[in-house]
Amino acid sequence: MGMSVIISAATEQDAEKILKLQYLCYQSEAEIYGDYSIEPLTEPLDSVRAELAGGTVLVARLGEEVVAAVRGTVDADGTARIGKLVVHPRMQRHGLGGRLLDAVEAKLGADGSAKRFQLFTGHRSEHNLRLYRKHGYVAVATKRVDERLTLVTLAKDAEASAFVASA
């Protein structure tokens, strides 16, 4: 490749790049479920900008290009909710998603307010489920959205994440 992928905090200037990457990456999810009206494909730019202003948004850059992104927030009860982890299709299956997941967990857990990490994916999203399980997440709930989609919520304790990160 010649260049290293660098993970850093996203900036306001990254909002449009993140949204375009998200749109590209969620095409395969829409295809799996036969639904192109899913929220990541219809999210407005203002929503991304609001998350940049009020939450934790990390990006992975290859030179100037944003090739991966993830978002997260910590609720008042200590649940760190991680979402919209996307990796450009040409960069998938090289460990970048796992690196970004580790990075957002570290960032969200840095001040000690995160007691647990939680995320969700569709029941047929095998690559996502495999990645999350590999990083210590276990299914804690399912919610049937419609005849095509059941959301699987996965979680892990923040202490378990800190232990894995230090090992």
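Reader: I have the model open at A80. Which residue stands opposite A80 in β5?

Author: A80 faces F117 there. One thing to keep in mind from the start is that this is a predicted model. To read a contact like this one, look next at the two strands it belongs to. Here β4 pairs with strand β5, residues 116–122, in the parallel sense, over three bridges.

Reader: What kind of unit do β4 and β5 make with helix α5?

Author: When two strands have a helix between them, follow the path from strand to helix to strand and ask about its handedness. In this case β4, helix α5 (residues 96–109) and β5 form a β-α-β unit that is right-handed.

Reader: Now the other pairing. How many bridges join β3 to β4, and in which sense do they run?

Author: Read direction and bridges together. Strand β3, residues 65–74, is joined to β4 by six bridges, and the two run antiparallel. For a single contact to click on, take A69, whose bridge partner in β4 is V86.

Reader: What lies between β3 and β4?

Author: For a hairpin, check the turn and its backbone angles. Four residues separate β3 and β4 in this hairpin, and G78 in the turn has a positive phi of about 90°.

Reader: Which residues that are not glycines have a positive phi?

Author: K84 is one of them, with a phi of about 50°, and R93 is another, at about 70°. It helps to place each one. K84 sits in strand β4, while R93 is in the loop between β4 and α5.

Reader: Are K84 and R93 buried or exposed?

Author: Compare each value with the cut-offs. K84 counts as buried because its relative accessibility of 17% falls under the 20% limit. R93 counts as exposed because its 57% is over 50%.

Reader: How many residues of β4 are buried?

Author: Go along the strand residue by residue. β4 spans residues 79–87 and is mostly covered, with seven of its nine residues buried.

Reader: Last topic, the rings. How many aromatic pairs does the structure hold?

Author: There is one. To read such a pair, take the centre distance and then the angle between the planes. Y132 and Y137 form the pair, with 6.2 Å centre to centre and 65° between the planes. The pair is edge-to-face because that angle is over 60 degrees.

Reader: Are Y132 and Y137 buried or exposed?

Author: Y132 is buried, with a relative accessible area of 6%. Y137 is buried as well, at 2%.

Terms used: Residues numbered from 1 in each chain as written. Predicted model: local features only at pLDDT ≥ 70, side-chain atom pairs only at ≥ 80, totals over all residues. Heavy atoms only, no water. Phe/Tyr/Trp six-rings, centres within 6.5 Å; stacked < 30°, edge-to-face > 60°. Buried < 20%, exposed > 50% of the residue type's maximum accessible area, 1.4 Å probe, protein only. Pairing = 2+ DSSP bridges. Right-handed = clockwise from strand over helix to strand, strands pointing away.
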